Amino acid sequence: VEVTKKWLEQMEREGKMKQVSSSSQTNQPDPLLERAENLVQASQINTVGMFTPLLDRFPFLRQVDVEHSDFILTVASVFMAATRLNNLRLGDDREERLMEVIAERLEQCKPGGIRGFEDCKGLFESEFGRLTKAGHEPRFVASDAVGKWIVWNILGRPPQTEEECMLVRAAGGMVTHAFFDWWDK
C-alpha cells in the first residue's frame with residue numbers, strides 16, 4: 001500500500017507507527033526476518049486503506065469505534081499472515097523465531113495484541129472446522145472464518161443481519177487477499 005510521506009510522519013508522531021531497523025538482520029541471515037519485522041506495521045497501513053471502502057459499502061460502520069476496528073483488522077491481518085507462515089512448513093525453530101518477532105511487534109503495537117491474536121486463532125479454527133464440515137464453498141472458508149471474528153469483535157456481538165453477514169465476507173476477503181502471499185519474495 002502506498003502512502004504519502006506526510007501521512008507516514010503523522011502516524012509516527014501519533015505513535016501509531018515507527019521505523020523498524022533491519023540491523024538485527026546481520027545476526028540472522030533468515031530472509032524472512034525482515035518480513036516478520038514489518039508485518040504488524042504493514043498490517044496497520046493496510047487497515048487504514050481497507051476501512052474506507054468498507055465504510056463506504058457498509059454505512060453502519062460509522063457507529064463503531066474506528067481505533068478499535070483498526071486494531072481488530074490489524075490483528076486479523078497478522079493472524080492470516082501467520083497462518084500462511086505455518087503453511088510454509090519452514091521447521092519449528094525457524095517458524096518460532098519468526099513468530100517471536102511478530103509477537104513482539106504486535107505487543108508493541110498495542111498491549112494485549114497477543115490476546116487478540118489468540119482469540120482470533122481460536123474462533124478462526126472452530127469456524128474453519130465448522131464451515132468445512134458443513135460443505136461451505138472451499139474458496140471462502142478461510143476468509144469467512146476470519147471475517148466472522150472481525151465482525152464479531154468490531155460489533156461486539158455475532159453478525160445478525162444480512163448486511164453484517166456481507167461484511168463478514170468483505171472484510172475477511174480483504175484481509176486474506178492482502179496477506180495471502182506476505183512471505184513470498
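This is a short walk through one predicted model, from its helices to its core and its aromatic rings.

Hi everyone, thanks for coming. Please keep in mind that we are looking at a predicted model.

Let's start with helix H3, which runs over residues 66–87 and has 22 residues. From its first C-alpha to its last, H3 reaches 31 Å, close to the 32 Å expected at 1.5 Å a residue. At the N-terminal end, Asp-65 acts as the cap of H3. There, a side-chain oxygen of Asp-65 lies 3.0 Å from the backbone nitrogen of Glu-67.

Now, what comes after H3? H3 is followed by Arg-89, with a positive phi near 55°. Arg-89 has that positive phi although it is not a glycine. You'll find Arg-89 in the loop between H3 and H4, and at 64% relative accessibility Arg-89 counts as exposed, because the cut-off for exposed is over 50%. Leu-88 is found in that loop between H3 and H4 too. Leu-88 counts as partly exposed, at 35% relative accessibility. Have a look across from there: Leu-88 and Trp-183 are 95 residues apart along the chain, yet their C-alpha atoms are separated by 8.8 Å.

Trp-183 brings me to the core. The largest nonpolar core has 48 residues, and those touching the most other members are Leu-39, Leu-61, Trp-149, Ile-150, Leu-167 and Trp-183. Which helices supply at least two residues each? They are H2 (33–57), H3, H4 (92–109), H5 (113–133), H6 (141–155) and H7 (162–179). The largest share of this core is from H3, with 11 residues. As general background, nonpolar side chains in soluble globular proteins tend to be buried together.

Let me zoom in on one of those core residues, Leu-167. Setting aside neighbours within four places in sequence, Leu-167 is in contact with Leu-54, Phe-58, Phe-60, Leu-61, Val-151 and Gly-172. Leu-167 is also among the buried residues of H7, which include Glu-164, Val-168, Ala-170 and Val-175. Others on that buried list are Ala-171, Gly-172, Thr-176 and Phe-179. And what covers the buried residues of H7? The cover includes H2, H3 and H6. As for length, the 18 residues of H7 should span 26 Å at 1.5 Å a residue, and its end C-alpha atoms are 26 Å apart, so the two values agree.

On to the aromatic rings. The count comes to 5 aromatic pairs. One of them joins Phe-58 and Phe-60, and that pair is edge-to-face, with 6.1 Å from centre to centre and 70° between the planes. Is Phe-58 buried or exposed? At 1% relative accessibility, Phe-58 counts as buried.

Another pair is Phe-124 with Phe-128. Their ring centres are 5.6 Å apart and the planes are at 35°, so this pair is tilted. Both residues lie in helix H5, 4 residues apart, about one turn of the helix. Phe-124 is buried, with a relative accessible area of 7%, whereas Phe-128 is partly exposed, with a relative accessible area of 35%. Together with Phe-79 and Phe-117, Phe-124 and Phe-128 form one aromatic cluster.

While we're in H5, have a look at Gly-116, which lies in this helix as well. Gly-116 counts as buried because its relative accessibility is 12%, and buried means under 20%. Leaving aside neighbours within four places in sequence, Gly-116 is in contact with Val-75 and Trp-149. You may recall Trp-149 from the list of core residues that touch the most other members. Gly-116 and Leu-106 are 10 residues apart in sequence, and their C-alpha atoms are 9.6 Å apart in space.

Last stop: charges over rings. The charged end of Lys-110 sits over the ring of Phe-71, 4.7 Å from its centre. Arg-169 lies over the face of Phe-140, at 3.7 Å from the ring centre.

If you open the model after the meeting, one place to begin is H3, which gives the core its largest share. Thanks for listening!

Conventions
Residues are numbered from 1 along each chain as its sequence is written. This is a predicted model: local features need pLDDT of at least 70, side-chain atom pairs count only at pLDDT 80 or more; totals for chains, interfaces and linings use all residues. Side-chain values use heavy atoms; hydrogens and water are left out. The expected span of a helix is 1.5 Å times one less than its number of residues. A polar contact is a pair of N or O atoms within 3.5 Å; within protein, one must be able to donate a hydrogen and the other to accept it, and residues adjacent in sequence count only if both atoms are side-chain atoms. A nonpolar core is a set of buried Ala, Val, Leu, Ile, Met, Phe, Trp, Tyr and Cys residues joined through side-chain atoms within 4.5 Å. Buried means under 20% relative accessible area, exposed over 50%, partly exposed in between (1.4 Å probe, protein chains only). Contact means heavy atoms within 4.5 Å. Rings of Phe, Tyr and Trp (its six-membered ring) pair if their centres lie within 6.5 Å; planes under 30 degrees apart count as stacked, over 60 as edge-to-face and the rest as tilted. A charge sits over a ring if NZ of Lys or CZ of Arg is within 6 Å of the ring centre and within 35 degrees of the ring normal.
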